[in-house]
Amino acid sequence: MFEWLWNFIFCQGDSPVNDKDAIVKKSRKEADEWAAKRRACIEESKVAYRNGEHKKAKKLSKEAKKCCEKMEEANLNAAKDILKPQRSKEIGILDLHGLYLEEAKAATDQFLDHWTSYPEKSRPESVQIITGAGKHSRRKGYPVIRPEVEKILKERDLEYVMMKGDGAFLVYINSSTKKDCVIM
């Protein structure tokens, strides 16, 4: 009995954290499978078209489109499973680890829209956006998400500083606190 409690408290075994990771991995794997089916349908469609089998080619093309929709749905589920437990709209910290580029950009925009929609007097001084340094990027150690988040911050004319070894941004969203601040 105590082993269950021990595992629950220290996030081991069947803990919510491990379950969430498994759910995200399952959704990403499902998306990858739909992507592979889509690629196969596209290739078969090309061959059918070249062979004069236009109806078959069209059918395969439609099937590829359905596979694409299923892939996008699975990736959306993974993104939701990553973002929802964070409570970023309550605590002012957004962690983009595990998200694909377009998901991370959309999450960043929504996060910043949320926090900048408050009247300035009600806003916190700053929020954090954790991008990671890019060490696990599909581009072999080159950051993909961090430069895009920085671009969003610049486009919105928000002041920020790099944190945590270039793996996070501290974003100043309350201009009234910056004006009152005197640096000596």
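Phe169 is buried, because its relative accessibility is 0% and the cut-off for burial is under 20%. This value, like the others here, comes from a predicted model. The ring of Phe169 has a partner in Tyr160.

Aromatic pairs come next. A pair of aromatic rings is described by the distance of the centres and the angle of the planes. Across the whole structure, a search returns 2 such pairs. One of them joins Trp115 and Tyr118. Their ring centres lie 5.6 Å apart. Their planes meet at 35°, so this pair is tilted: stacking would need an angle under 30 degrees, and edge-to-face one over 60. The two residues are covered to differing extents. Trp115 has 8% relative accessibility and therefore counts as buried. Tyr118 has a relative accessible area of 33%, which makes this residue partly exposed. Tyr160 and Phe169 form an aromatic pair too. Here the centres are 5.4 Å apart. The planes stand at 80°, so the arrangement is edge-to-face.

Between Trp115 and Tyr118 in the numbering comes Ser117. Where does Ser117 sit? Its place is the loop between helix H5, residues 101-116, and strand E2, residues 126-130. Ser117 is exposed, because its relative accessible area is 56% and the threshold is over 50%. Its side chain still finds a backbone partner: the oxygen of His114, at 2.7 Å.

Rings also meet charges. Which ring lies under the charged end of Arg28? That ring belongs to Tyr100, and the charged end sits 3.8 Å from the ring centre. Trp34 has a charged residue over its face as well. This is Lys37, at 4.4 Å from the ring centre.

Now step back to the fold. The protein has 7 helices and 4 strands. Along the sequence they run α-α-α-α-β-α-β-α-β-β-α. The pattern thus opens with helices, and a helix also ends it. How much of the chain is buried? Of its 184 residues, 32% count as buried; Phe169 and Trp115 are among the buried residues. Contacts tell how distant parts of the sequence come together. Take the contacts between residues at least 6 apart in sequence: 57% of these join residues at least 24 apart. The surface completes the picture. The protein exposes about 12900 Å². Carbon and sulfur atoms supply 55% of that area.

Note on methods. Residues are numbered from 1 along each chain as its sequence is written. This is a predicted model: local features need pLDDT of at least 70, side-chain atom pairs count only at pLDDT 80 or more; totals for chains, interfaces and linings use all residues. Side-chain values use heavy atoms; hydrogens and water are left out. Rings of Phe, Tyr and Trp (its six-membered ring) pair if their centres lie within 6.5 Å; planes under 30 degrees apart count as stacked, over 60 as edge-to-face and the rest as tilted. Buried means under 20% relative accessible area, exposed over 50%, partly exposed in between (1.4 Å probe, protein chains only). A charge sits over a ring if NZ of Lys or CZ of Arg is within 6 Å of the ring centre and within 35 degrees of the ring normal. Helices (H or I, at least four residues) and strands (E, at least two) are DSSP runs, numbered from the N terminus. Contact means heavy atoms within 4.5 Å. Accessible areas come from the Shrake-Rupley method with a 1.4 Å probe; for residues, only the protein chains shown count as cover. A polar contact is a pair of N or O atoms within 3.5 Å; within protein, one must be able to donate a hydrogen and the other to accept it, and residues adjacent in sequence count only if both atoms are side-chain atoms.
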